[in-house]
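I sat down with a new structure today and kept a few short notes as I went. Come along and look things up with me.

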Amino acid sequence: MPSLNGNGVTKRQVSSKPQIAKGRQAKARCAQSEEALKDSEARYRRLFETAQDGILILDAKTGLITDVNPFLVKLLDYSFEEFLGKELWEIGVFKDIEASKTAFRELQAKRYVRYDDLPLQTKSGRAINVEFVSNVYGVNNRKVIHCNIRDITKRKRAERSEQQLRQAQKMESVGQLAGGVAHDFNNLLGVILGYCEMLEDRLDLAEQARKMIAEIYHAGLSAKDLTRHLLAFSRRQVVQPIFLNLNAVIARTDTILGRVIGDDVELVSVLDRDLGTVKADPNQIEQVLMNLAVNARDAMPQGGKITIETTNVKIDKTNAGQHPSAKPGSYVMLTVSDTGIGMDKETQSRIFEPFFSTKDDGKGTGLGLSTVFGIVKQSSAMIDIHSELGRGTTFKIYFPLCHESPAVFQREEATPLRGGSETILLVEDAAPLRELTRRILEDCGYTVLDSGDPAETIRMAGRYKGPLPLMITDVVLPGFSGCVLAGRLTAVRPETKVLYTSGYADHEVGVGPECAFLEKPFTRDALIRKVRELLDSPRHPFLKPQKSGSIGGASQTAPSGAIH
């Protein structure tokens, strides 16, 4: 019989109550755990669905995709169905099958893989950059791979823009230094070359002395070319822009380029027949083509192919954002590509620096591509480069499209050298160059009134009672510029024509009958010919240099000798 306690309840009934209570507590805990699990799964699902990173879940054994979140679907332009049940390398975005399989095997072995900057392409072809992190963990007794894909396209674009800005600032600083040195050096070269020309005309010179003078003269010409490169890089080279068709410049330089690159390099031109008009200096465009062709030739020691292409292009906001100076709009693109050895990223980051060269010592100045860079910037254009080791190099230059008609190139026969008896006002602050110029003009029969100070020039012109048909003035003068000087002088002497000289420009210099310009360092013959040409030309209204435009007006006839 069951035993009874003092209350008449069996001992078995007393002992079963705690067990019942424990059972109820266990069920409650189980229910709470299930509820917590449901809440956890719901929270995870909410995070999975609303995450601003792409999430991809794969079966760790088979590599099949088992889940993908909406952000990744939207980022890569693929539907949920296109992801589900596929192997990673079946998705077009991961189209490099071998690389994807290798990464998958690495992940299986190491259980963790990270790519800080993985370039991908969406289904629509849009290029993006992502940070890709994946790891292996267990869920319900099976292993899965969790891939986190973060879109870093904007960040990388900002980093590239910042890097390009720093490079541009660096180039600008170097350019200002180079431009200042080149400006002063031009005046010295003018004196060296001018006196060499005068000495060569003397009949009493010994043959040995004549040879030494010739060597000095040739060294001066080399220095002149070097200075021209520095000025082009620093965007201080004097330019004479016109509206032109790039095809015309390319066609006229084709023969010269062929001789420069040699017989073992094939030169191919693919020119757009409906090419738009650009505004540029034809001499500078020729220099760009020459420098890029020489650079391409040197990259193909065993021979190869250079292709020059032109076409009209439009740059949208997306593409413009990849270049700090680019603006959406219509452009004319000039492309020069080669089949040479190519360049690595480090070399590409420095190719536009002056005096940087990968060539052996004595083979090049290191100014060819820096000159191209300077000309491009001075022409309000943009330049991009694409190169891979062993796969050649491509330069693309984008010129803003203009709607004006292009110039017609004309060749003019050089006029014979003739002097005269007119009085010429000469203004040059560099005393040695002023003295040389005065002697050259006086030897040709002219009367010269010279000064190094623009204010004194005004007083001198006021005191002189005879006619002053011509003033030769440097553009950059102490006190006030040659432009201001010319304006003040012609206000009281409207018959006076103006010939500007300069080797340095902060603005463009136009060409045409309304103005005349002679670039420093000039030769004796160039000076004599230009002076006589200007004195014999009909009088035109004086137009001063414009800060945003050119000296005088721009003619739509290409300058004589612009294309050699």
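**Notebook: a helix end, a core and a crossover**

I began with L76, which counts as buried because its relative accessibility is 0%. I should say early that this is a predicted model. L76 sits in helix α2, residues 70–76. I also looked up its distance to G125: the two are 49 residues apart in sequence, and their C-alpha atoms are 9.5 Å apart in space.

**The core**

Next I asked which residues have the most contacts inside the largest nonpolar core. I found L246, L289, L292, L334, I383, I397 and F399, in a core of 39 residues. Helices and strands both feed it: the elements giving two or more residues are β6, α7, β8, α8, β9, β10, α11 and β12. The most comes from α8, with seven residues. In general, nonpolar side chains tend to be buried together in soluble globular proteins.

I then followed L246 to its contacts. Leaving out residues up to four places away in sequence, L246 touches L275, V278, I285, T310, V332, L334 and F399.

**Helix α8**

Is α8 largely enclosed or open? I noted that twelve of its 17 residues are buried, so α8 is largely enclosed by the rest of the structure. Among the buried ones are P282, I285, L289, L292 and A296, and the polar residues Q284, E286, Q287 and N291 are listed too.

I checked its length as well. At 1.5 Å a residue, α8 should span 24 Å, and its end C-alpha atoms are indeed 24 Å apart. At the N-terminal end I found a cap: a side-chain oxygen of D281 lies 2.8 Å from the backbone nitrogen of N283.

**A stop at T253**

T253 belongs to helix α7. With 1% relative accessibility, T253 counts as buried, since buried means under 20%. Where does its side chain reach? I traced it to the backbone oxygen of I250, at 3.1 Å. Not counting residues up to four places away in sequence, T253 touches E286 and L289. Both of these are on the list of buried residues in α8.

**Two strands and a crossover**

My last entry is on β13 (residues 423–427) and β14 (residues 447–451), which pair in the parallel sense over five bridges. V427 stands opposite S451 in β14. Going from β13 to β14, the chain passes through helix α12, residues 431–443, and this β-α-β crossover is right-handed.

How values were computed:
Residues are numbered from 1 along each chain as its sequence is written. This is a predicted model: local features need pLDDT of at least 70, side-chain atom pairs count only at pLDDT 80 or more; totals for chains, interfaces and linings use all residues. Side-chain values use heavy atoms; hydrogens and water are left out. A nonpolar core is a set of buried Ala, Val, Leu, Ile, Met, Phe, Trp, Tyr and Cys residues joined through side-chain atoms within 4.5 Å. Buried means under 20% relative accessible area, exposed over 50%, partly exposed in between (1.4 Å probe, protein chains only). Helices (H or I, at least four residues) and strands (E, at least two) are DSSP runs, numbered from the N terminus. Contact means heavy atoms within 4.5 Å. The expected span of a helix is 1.5 Å times one less than its number of residues. A polar contact is a pair of N or O atoms within 3.5 Å; within protein, one must be able to donate a hydrogen and the other to accept it, and residues adjacent in sequence count only if both atoms are side-chain atoms. Two strands pair if DSSP finds at least two bridges between them. A crossover is right-handed if, with the strands pointing away from the viewer, the path from the first strand over the helix to the second runs clockwise.
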